[in-house]
Amino acid sequence: MTAEAPVVGVSAGAAVHAAAERLRAAKSPSPRLDAELLVGHVLDRDRAWLLAHEDAPLAADAASRLAGLVERRAAGEPVAYLRGFKEWYGLTLRTDRRALIPRPETELLVDVAVAETTRRLAADDRLITVWDVGTGSGAVAVALARRFRTALALGRIHLVASDVSPDALELAAENLASYGVDRLVALQVSDLLDSVGAEAAPPDIVVANLPYVPQRDVDAGAGSLAWEPRAALDGGPDGLDIVRRLLTRLPDRLAADGLAYLEIGVGQAAAVEAAVGLLPGSWSCSITTDLAGHERIVTVSRIP
Ligand SMILES: C[S@@+](CC[C@H](N)C(=O)[O-])C[C@H]1O[C@@H](n2cnc3c(N)ncnc32)[C@H](O)[C@@H]1O
């Protein structure tokens with residue numbers, strides 16, 4: 001493929017090859033995969049179909065759309081924004097520049113929240129308030145709402161998803177609606193847990209993937225960082241400004257026997273543990289490691 005346009009009349013396999021060459025020349029980090037995803041996208045087919053149908057023809061309009069998408073990818077735009085969706089936690093979520101593209105590591109945040117919510121549901125009949133702080137695209141909230149659809153409908157769980165960004169909340173609303181769970185989740189514009197008390201009960205379980213990228217990395221803009229909302233990424237000089245701010249809210253806002261699960265970046269666990277040590281009262285802090293062996297989730301709770 002040239003930089004101008006793909007050759008009309010080529011097969012899907014040839015289009016993948018040409019697109020991959022173009023992306024390789026543009027120093028794309030995953031040229032072959034991206035090429036397959038983009039060719040699949042213009043054909044409205046998945047990668048498995050593409051592999052089995054390399055000889056399928058690419059119509060002129062599909063070829064022309066592909067050329068545009070390949071050039072945008074060559075300029076660095078994330079595939080999830082080009083396709084308009086991302087597969088995550090078994091879901092297909094709408095993605096665009098209003099919010100961060102959900103990351104694979106955040107699936108662990110859902111897993112720990114699901115385990116704790118399930119444990120509490122089985123323990124007694126009390127209402128459980130679960131709060132997804134910084135919901136972005138609504139990824140975590142959609143996953144939790146789908147998992148606990150019945151308990152939410154029966155009023156056993158109250159699920160809140162909040163963000164400071166009205167744009168992100170708009171996207172979250174679209175994703176919740178596309179899974180038919182929009183009526184089961186309370187969306188709120190809120191700085192961290194500021195709306196507790198005014199609009200919601202103190203949360204029993206806080207789930208938060210807040211911005212934790214150090215400012216200098218956001219400025220460097222590697223990969224998708226140059227395209228995603230700065231407010232979804234920038235955590236200040238060491239990445240932990242907003243996480244620390246949330247920690248300081250917990251003594252006032254978290255339910256007495258509540259738990260907070262905070263996603264963090266590689267190498268940030270010690271600093272978060274130190275911040276928990278400064279909270280008034282007695283707090284426990286434990287770390288969950290992800291499949292890659294990185295310290296990924298900090299669990300914070302009061303020591304009774
Ligand atoms: C890293 S993104 C995560 C989005 C989503 N939870 C996910 O995992 O894909 C962080 C989100 O936190 C939001 N955010 C940043 N500062 C916030 C604050 N002070 N209060 C609430 N949300 C905030 C951003 O707008 C962004 O949507």
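**Notebook: strands, cores and overall form**

I began at the C-terminal strands and found that β8 (residues 283-289) and β9 (residues 295-302) run antiparallel, joined by seven bridges. This is a predicted model, and I kept that in mind for every entry below.

**Entry 1: around β9.** I looked up one facing pair and found Trp-283 opposite Arg-302 in β9. Between β8 and β9 the hairpin has five residues, and there Gly-293 adopts a positive phi near 85 degrees. I then turned to the other partner of interest, β7 (259-263). β7 and β9 are antiparallel as well, with five bridges between them. In this pairing Glu-263 stands opposite Ile-297. Is β9 enclosed or open? I noted that six of its eight residues are buried, so the strand is largely enclosed by the rest of the structure.

**Entry 2: confidence.** I checked how far the prediction may be trusted. The protein chain has an average pLDDT of 94, and 96% of the residues reach at least 70. Residues 1-7 fall below 50, although in the model this stretch has 15 contacts beyond near neighbours in sequence. I have therefore marked residues 1-7 with caution, as pLDDT is the predictor's confidence in each residue.

**Entry 3: around β3.** I next examined strand β3, residues 128-133, and found six of its six residues buried. Which residues lie on each face of β3? I listed Ile-128, Val-130 and Asp-132 on one side, and Thr-129, Trp-131 and Val-133 on the other; all are buried, and both faces are covered. I then traced the neighbouring strands. β3 pairs with β4 (residues 157-163) in the parallel sense, over six bridges. Within that pairing, Ile-128 stands opposite Ile-157. β3 also runs parallel to β6 (residues 205-208), to which four bridges join it. Here I found Val-130 opposite Ile-205.

**Entry 4: the nonpolar cores.** I recalled a general tendency: in soluble globular proteins, nonpolar side chains tend to be buried together. I looked for such groups and found that the largest nonpolar core has 34 residues, of which Trp-88, Val-130, Leu-144, Phe-148 and Val-207 touch the most other members. The elements that each give two or more residues to this core include β2 (91-94), α6 (107-123), β3, α7 (139-147) and α8 (149-153), and also β4, β6 and β7. A second, separate core has 28 residues, among them Leu-246, Ala-269, Val-276 and Trp-283. Trp-283 is thus a residue I had already met, opposite Arg-302 in β9.

I selected Phe-148 for a closer look. What does Phe-148 contact, once its neighbours within four places in sequence are left aside? I recorded Val-114, Thr-117, Thr-118, Leu-121 and Ile-157. Ile-157 is the residue that stands opposite Ile-128 in the pairing of β3 with β4.

**Entry 5: the whole chain.** I ended with the overall figures. I counted 12 helices and nine strands in the protein chain. Along its principal axes, the C-alpha trace spans about 70 × 45 × 35 Å. The radius of gyration is 21 Å, which agrees with the value near 19 Å for a compact globule of 304 residues. Buried residues account for 52% of the 304. Of the contacts between residues at least 6 apart in sequence, 68% join residues at least 24 apart. The protein chain exposes about 13,600 Å², of which carbon and sulfur atoms supply 54%.

Notes. Residues numbered from 1 in each chain as written. Predicted model: local features only at pLDDT ≥ 70, side-chain atom pairs only at ≥ 80, totals over all residues. Heavy atoms only, no water. pLDDT = per-residue confidence, 0-100. Contact = heavy atoms within 4.5 Å. Buried < 20%, exposed > 50% of the residue type's maximum accessible area, 1.4 Å probe, protein only. Pairing = 2+ DSSP bridges. Core = buried A, V, L, I, M, F, W, Y, C linked by side-chain atoms within 4.5 Å. Rg over C-alpha atoms; globule rule 2.2 N^0.38 Å. Areas by Shrake-Rupley, 256 points an atom, 1.4 Å probe, with all protein chains shown as cover.
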